[in-house]
Amino acid sequence: MEADTRDLARTAGLRELTVPRLEDVNRRRSQLWLLSLVVGLAVPTLILAIGYEVLSDRLSELLDLRSVRLGLLALLVAVFGYVAEREIALRRLTTLLVEERVLTASLVARVTELDSLLEASRAMNSSLDLHAVLDVILRSAYELLDAVDGSIQLVCSDDPLMMEVVAIRGVSTARLGQRQSIHQGLSGGAVQNRDALLVSGRHSASPRASHEGTALIVPLQIRDELVGVLNLAAGVAREPFTEYDLRSVAVFAETAAAAINNARNYLATQETVRSLTELDRLKDEFLAMVSHELRTPLTSLIGLAATIGKGAERFSTEQISELAEMARLQGVRLDRLVDDLLHTSRARHGALSIHPREIEVSVSVAEAISALRQTVGNRTLTLVTPDEPLSWVADPDAVVRIVTNLVGNAVKYTPAETTITVTLAGEADGVVLTVDDEGPGIPEEDRESIFEKFGRGTHTSGAGGLGLGLYIVRALAEAHGGSVRLDDSPGGGCRFRVTFPPLAAERFRELTVSASDRASA
């Protein structure tokens, strides 16, 4: 195009110009029209003057007036021909220069737009904080298109069929945290078509925001996976959005979606790292706690065995029996710790199985209390049961385990010379087992955490155990379809209430089969 422009410039008489300018071309056209005007007026005037014998007689004798007239006419034709030729060339040159200016202006605008997109891309990728990235995206799109209203909706992580407003700007009346279905409104249309929409007239580009003018609704997606939607409204104060704006923001949306995805992945990675770090810390604490709890009864057992072995001849039968009983109690404690760990592992993997059958619940509870009386020290352990036998469908071993853990928990946290009361009763909502103590109680903020694995609360400093007893109680109660809750005891301590609901034996067999299937899997 540049070579054609130079050729036309030389044809039009602009030989001094390396690259002609539109102003020079217009000046040259003015000169040619002036020349044609002067010649067009002068030649007819001379011809008329000759016809009216205005010239002197001597000049008339020297000139052949007919030849002069013909010469003047030829000059007029030649000048007009020259002007016409140059005018054609100059018009073509003007068209080329105008096109060149339009293309240059378009190129400058495109370069400016690309520069803005590049700056926005740099800003979006300069941070991995999701809130900062969203703010940069919305601000950049807002400034790029001179919008009056803008918002960003992201697909909810907890419900992929819903979108949530996470950023707003301008006069938008959308609320942060506001949710809507991905199939609702104009955003739903853009999501369904997976293509940007240009809307004119009265519309609602963002949730609860109605505007006059044009709006752009652009899906944010990466590798065909929907991330969210960018909403922009032009309002009536500025020129309406165009297809050109639509294409520009569509390119912008690809970079924005990638930036959001990177920020989300970084956030997920941070959460994973924090979780793994916390798990590693808990593992170290657990190993230290288990080692300590297991070592204590083992050390006692080893010491008692060594004492009996070395001093058998000088100890009386009664003393040896006392030492043996102490060793037995330490063995029972060790067995309970190991059993707690096994039950916790099974409950965690969904393999905690129960074997319910028709039993006398009061008998199972009484047997558990009888075995526990030697472990409560100088505390009083009281059992209250109905006068009539209480039959129910339950796993007897699980019932004993629940009673053992609840009484053991009460012994651990109640002072000496207090009473622990175990009550069994049949009520409207099933069989209810309650354990009351006269201890210090449990603060309200700890009442849920104590049922978690290794949950020991903030009031248990110095108490032994792994913090698994109440977790196992809840797991066994829920395996029966029941529940456990903590209330205040009338005596000022804690009351743990375990409910076995009135479910049929067939339902318990279903639970048993289901648990066994999970265990085998």
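D224 counts as exposed in this predicted model, because its relative accessibility comes to 68%, and the cut-off for that label is over 50%. This aspartate sits in the loop between β7 and β8. Its backbone is a bit unusual too: phi is positive, at about 65°, even though D224 is not a glycine. Most residues other than glycine have a negative phi. R223 is found in that loop as well, between β7 (214-222) and β8 (225-235). Here phi is near 50°, again a positive value in a residue other than glycine. And is R223 buried or exposed? With a relative accessibility of 71%, R223 counts as exposed.

Stepping back to the whole chain, the model contains 12 helices and 15 strands. Of the 521 residues, 40% are buried. Contacts also link distant parts of the sequence: taking the pairs at least 6 apart in sequence, 63% join residues at least 24 apart.

Helix α9 is a nice one to look at by itself. Its 12 residues, 361-372, should span 16 Å at 1.5 Å a residue, and the C-alpha atoms at its ends are 17 Å apart, which agrees. Which residues of α9 are buried? They are V361, S362, S364, V365, A368, I369 and L372. These buried residues cover an arc of only 165° around the axis, so they lie on the same side of α9. Turn to the other side of the helix, and E367 and A371 are exposed.

Now for a sheet. Five strands form an open sheet in the order β10-β12-β13-β15-β14, and the pairing is mixed. Its edge strands are β10 (380-384) and β14 (483-488), each of which pairs on one side only. From one strand to the next, the twist averages 15°.

Two of the pairings in this sheet can be followed in detail. Strand β12 (residues 419-427) runs antiparallel to strand β13 (residues 430-436), and 7 bridges join the two. Within this pair, V422 stands opposite V435 in β13. Over at the β14 edge, the partner is strand β15 (residues 494-500), and these strands pair in the antiparallel sense over 6 bridges. S483 faces T499 of β15 across that pairing, the two standing opposite each other. β14 and β15 make a hairpin with 5 residues between the strands, and there G492 takes a positive phi near 105°.

Finally, how far can the picture be trusted? The chain averages a pLDDT of 75, and 71% of the residues score at least 70. Confidence peaks in β10, at 92, and is lowest in helix α12 (residues 505-520), with a mean of 46. The pLDDT is below 50 over residues 205-210, a stretch that has 28 contacts in the model beyond near neighbours in sequence. Residues 509-521 also have a pLDDT below 50, and that stretch has 12 contacts beyond near neighbours in sequence. Where pLDDT is low, the predicted coordinates should not be read in detail.

Conventions: Residues numbered from 1 in each chain as written. Predicted model: local features only at pLDDT ≥ 70, side-chain atom pairs only at ≥ 80, totals over all residues. Heavy atoms only, no water. Pairing = 2+ DSSP bridges. Helix = DSSP H or I, 4+ residues; strand = E, 2+ residues; numbered from the N terminus. Axes fitted to C-alpha atoms, helices over the stretch in contact; angles between N-to-C directions. Expected span 1.5 Å × (residues − 1). Buried < 20%, exposed > 50% of the residue type's maximum accessible area, 1.4 Å probe, protein only. Arc of directions from axis to C-beta. pLDDT = per-residue confidence, 0-100. Contact = heavy atoms within 4.5 Å.
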